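Me: Please take a close look at one part of this model, the central sheet, and work outwards from there. I would like a connected account rather than a list.

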Amino acid sequence: MKIGFIGCGNLGSSMIRGLLDARVARAEDLIAMDVDAGKLEGLRKLGVKATTDYGDILGADVILIAVKPDLVARILDELNLSEDKLLISVAAGVSIETLERHTRARVVRVMPNICCRVAEMASAFALGNRVKPEDEEVVRRLLGSLGLALKVDEGTMNAVTGLSGSGPAYIFLLIQSLMEAGIELGLSKEEAFKLAAQTVKGSGEMALRSGADLKELIDMVSSPKGTTVEGMKVLRDSGVPEAFKKAVKAAARRAEELSR
């Protein structure tokens, strides 16, 4: 099975590298297309066929489009994909209805995130009206090799975009803030960074594995009259929990705007 990528910016190239690292795809089975030749150099060195010609992508069985939302319709009109192609769109806010209006291909809409590069992606997908049972299997295998893949109703896709699509940036900001506090308290930059990043990584893994309610996990760390209680009071008094909610909802609203 040949897989073609239209758009090899941060997300597209990360997915390609992730698939190669997971050994789900071989370099010779991948086609990377971008109008910016500079974005293709690193992929070409990995043995991936790299091209600036849209026509070259037609040799793929599965085509993943990872371009800016306002370019999708024009590119699909130009490609004129047939019904024997499976189209996977990761363009934020572009609905299945819009995609199917501009292509005869079988359509799956996906919201991945940048963590695909390290096979820790949180993603969700919604199936179009023309997909075959085997198409879902292909999507689950490809996305599953890069992390978590959840099937959702398309109506929730903007929420997914605001939460897990944009979420890595929120978490990177959290790590940066923790690191900077550690530095100000006397740790070296390397020490503070590693402690902050591992703390976030370990906390996420514990939340996924433990089966405990999140409040229970918070209480496990927050001993009465202890250090964590003091820190949590500052976070709550500063409105940090509400700020995270507002960030997710703002990103989701923007995704909704892009879909119009």
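**The sheet and its surroundings**

Reply: Strand β1 is joined to strand β2 (residues 30–33) by 4 bridges, and the two strands run parallel. The description here rests on a predicted model. Within this pairing, Ile3 of the protein chain stands opposite Leu30 in β2. The connection between the two strands passes through helix α1 (residues 10–21), and β1, α1 and β2 together make a right-handed β-α-β unit.

β1 also pairs with strand β4 (residues 62–65), again in the parallel sense and over 4 bridges. Ile3 takes part here too, with Val62 as its bridge partner in β4. Ile3 is thus bridged to Leu30 in β2 and to Val62 in β4. As for the faces of β1 (residues 3–6), both are covered. Ile3 and Phe5 are buried on one side, and Gly4 and Ile6 are buried on the other.

These pairings belong to an open sheet of 8 strands with mixed pairing, in the order β3-β2-β1-β4-β5-β6-β7-β8. The edges are β3 (49–51) and β8 (147–151); each has a single partner strand, so one side of each lacks a neighbour in the sheet. On average, neighbouring strands of this sheet are turned by 20° against each other, direction ignored.

Further along the order, strand β5 (residues 86–89) and strand β6 (residues 106–111) run parallel and are joined by 4 bridges. In this pair, Leu87 has Val107 as its bridge partner in β6.

Helices pack on the sheet as well. Helix α3 (residues 72–79) touches β1, β4 and β5, and its direction makes about 155° with that of β4. Helix α6 touches β6 and β7 (121–127), with its direction at about 40° to that of β6.

One residue of α6 can be followed in more detail. Ser164 lies in this helix, which spans residues 157–165. Its relative accessible area is 16%, and the limit for calling a residue buried is under 20%, so Ser164 is buried. Beyond its neighbours within four places in sequence, Ser164 is in contact with Asn113 and Ala122.

Outside the sheet, helix α8 (residues 189–210) has 22 residues. From its first C-alpha to its last, α8 reaches 31 Å, close to the 32 Å expected at 1.5 Å a residue. Gly211 follows α8 and has a positive phi, near 75°.

A second serine sits in the loop between α9 (214–221) and α10 (227–237), namely Ser222. Ser222 counts as buried because its relative accessibility is 15%. Its side chain reaches the backbone oxygen of Ile218 at 2.8 Å. Apart from neighbours within four places in sequence, Ser222 is in contact with Thr228, Val229 and Met232.

For the chain as a whole, there are 11 helices and 8 strands. The C-alpha atoms fill a box of roughly 65 × 40 × 30 Å, taken along the principal axes. Of the 260 residues, 38% count as buried. Among contacts in the protein chain with a separation of 6 or more, 57% are between residues 24 or more positions apart.

Methods
Residues numbered from 1 in each chain as written. Predicted model: local features only at pLDDT ≥ 70, side-chain atom pairs only at ≥ 80, totals over all residues. Heavy atoms only, no water. Buried < 20%, exposed > 50% of the residue type's maximum accessible area, 1.4 Å probe, protein only. Polar contact = N/O pair within 3.5 Å; in protein donor to acceptor, adjacent residues only side chain to side chain. Contact = heavy atoms within 4.5 Å. Pairing = 2+ DSSP bridges. Right-handed = clockwise from strand over helix to strand, strands pointing away. Axes fitted to C-alpha atoms, helices over the stretch in contact; angles between N-to-C directions. Expected span 1.5 Å × (residues − 1).
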